[in-house]
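This report is written for a reader who has the sequence and the model at hand. Please keep both in view while reading the sections that follow.

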Amino acid sequence: QVQLVESGGRLVQAGGSLRLSCAASGRTFSNYAMAWFRQAPGKEREFVAAITWSGGRTYYADSVKGRFTISRDNAKNTVYLQMNILKPEDTSVYYCAVESGWRTTVVPQTKGGYNYWGQGTQVTVSS
């Protein structure tokens with residue numbers, strides 16, 4: 001059974017940093033791209049960042065480019081999201097997800113391209 005467990009979310013002041021982790025089990029995740037999405041109350045779930053199965057390429061939403069960094073450790077089946085210079089508008093529940101395609105070269109940036117999701121971790125940025 002595939003399971004994704006996010007951690008690391010908490011309350012932080014604007015300008016601060018957080019690192020989110022997503023531990024995966026039940027599958028060989030090293031063959032699949034992984035991504036972070038976020039969803040604020042009353043809004044659609046939106047793409048934040050993604051990383052290819054090898055870790056060789058990364059993709060970011062314009063709103064987080066230059067502030068967030070996605071990485072992965074395939075030996076630990078874990079993906080990370082380092083978030084710096086946090087802003088109040090980054091407040092959301094953050095979800096990690098695993099892509100449905102095997103070793104794809106074009107990583108999707110919409111939620112429809114992912115078929116496994118974690119339960120989410122709350123990030124709150126105070127002004």
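## A question about one serine

Is serine 92 buried or exposed in this predicted model? The relative accessible area of serine 92 is 3%. A residue counts as buried when this value is under 20%, and serine 92 is therefore buried.

Serine 92 belongs to strand β9. Leaving aside residues up to four places away in sequence, serine 92 touches Arg38, Gln39, Ala40, Thr121, Gln122 and Val123. One of these, Arg38, appears again in the section on salt bridges.

## The chain as a whole

The protein chain contains zero helices and 11 strands. Its pattern along the sequence is accordingly written as β-β-β-β-β-β-β-β-β-β-β. The radius of gyration is 13 Å, close to the 14 Å that the globule rule gives for 127 residues, so the chain is as compact as a globular protein of that length.

Taken along the principal axes, the box filled by the C-alpha atoms is roughly 40 × 30 × 25 Å. Of the 127 residues, 47% count as buried. Among contacts with a separation of 6 or more, 59% are between residues 24 or more positions apart.

## A sheet of four strands

Strands of a sheet pair through backbone hydrogen bonds, and the pairing may be parallel or antiparallel. In this model, four strands form an open sheet in the order β1-β3-β8-β7, with antiparallel pairing. The edge strands are β1, covering residues 3-7, and β7, covering residues 68-73; each of them pairs on one side only. From one strand to the next, the twist averages 15°.

Strands β1 and β3 run antiparallel and are joined by five bridges, with β3 covering residues 18-25. Glutamine 3 has serine 25 in β3 as its bridge partner, and leucine 4 stands opposite alanine 24 in β3.

## The two faces of strand β1

In a regular strand, side chains alternate between the two faces of the sheet. Strand β1 shows such an alternation. Leu4 and Glu6 point to one face and are buried. Gln3, Val5 and Ser7 point to the other face and are not buried.

## The disulfide

A disulfide is a covalent bond between the sulfur atoms of two cysteines. How many disulfides does a search of the whole structure find? The search finds one. This disulfide joins cysteine 22 to cysteine 96, with an S to S distance of 1.9 Å.

The pair links distant parts of the chain, since cysteine 22 lies in strand β3 and cysteine 96 in strand β9 (residues 92-99), 74 residues apart. Both cysteine 22 and cysteine 96 are buried. The torsion about their S-S bond is about 40°, so the disulfide is right-handed.

## Salt bridges

Side chains of opposite charge can pair when their charged atoms come close. The count for this model comes to five salt bridges. In one of them, the side chains of arginine 38 and glutamate 46 meet at 2.6 Å, N to O. Arginine 38 has a relative accessible area of 5% and is therefore buried, whereas glutamate 46, at 36%, counts as partly exposed.

Another salt bridge is formed by aspartate 90 and arginine 67, whose closest N and O atoms are 2.8 Å apart. The pair links distant parts of the chain: aspartate 90 lies in the loop between β8 (78-83) and β9, and arginine 67 lies in the loop between β6 (58-60) and β7, 23 residues apart. Aspartate 90 and arginine 67 are both buried. A network of salt bridges links Arg38, Glu46, Arg67 and Asp90. Lysine 65 also forms a salt bridge, with aspartate 62, the closest N and O atoms being 3.1 Å apart. Aspartate 62 has a relative accessible area of 66% and is therefore exposed.

Technical notes. Residues numbered from 1 in each chain as written. Predicted model: local features only at pLDDT ≥ 70, side-chain atom pairs only at ≥ 80, totals over all residues. Heavy atoms only, no water. Pairing = 2+ DSSP bridges. Axes fitted to C-alpha atoms, helices over the stretch in contact; angles between N-to-C directions. Disulfide = S-S within 2.5 Å. Buried < 20%, exposed > 50% of the residue type's maximum accessible area, 1.4 Å probe, protein only. Salt bridge = Lys/Arg side-chain N within 4 Å of Asp/Glu carboxyl O. Contact = heavy atoms within 4.5 Å. Rg over C-alpha atoms; globule rule 2.2 N^0.38 Å.
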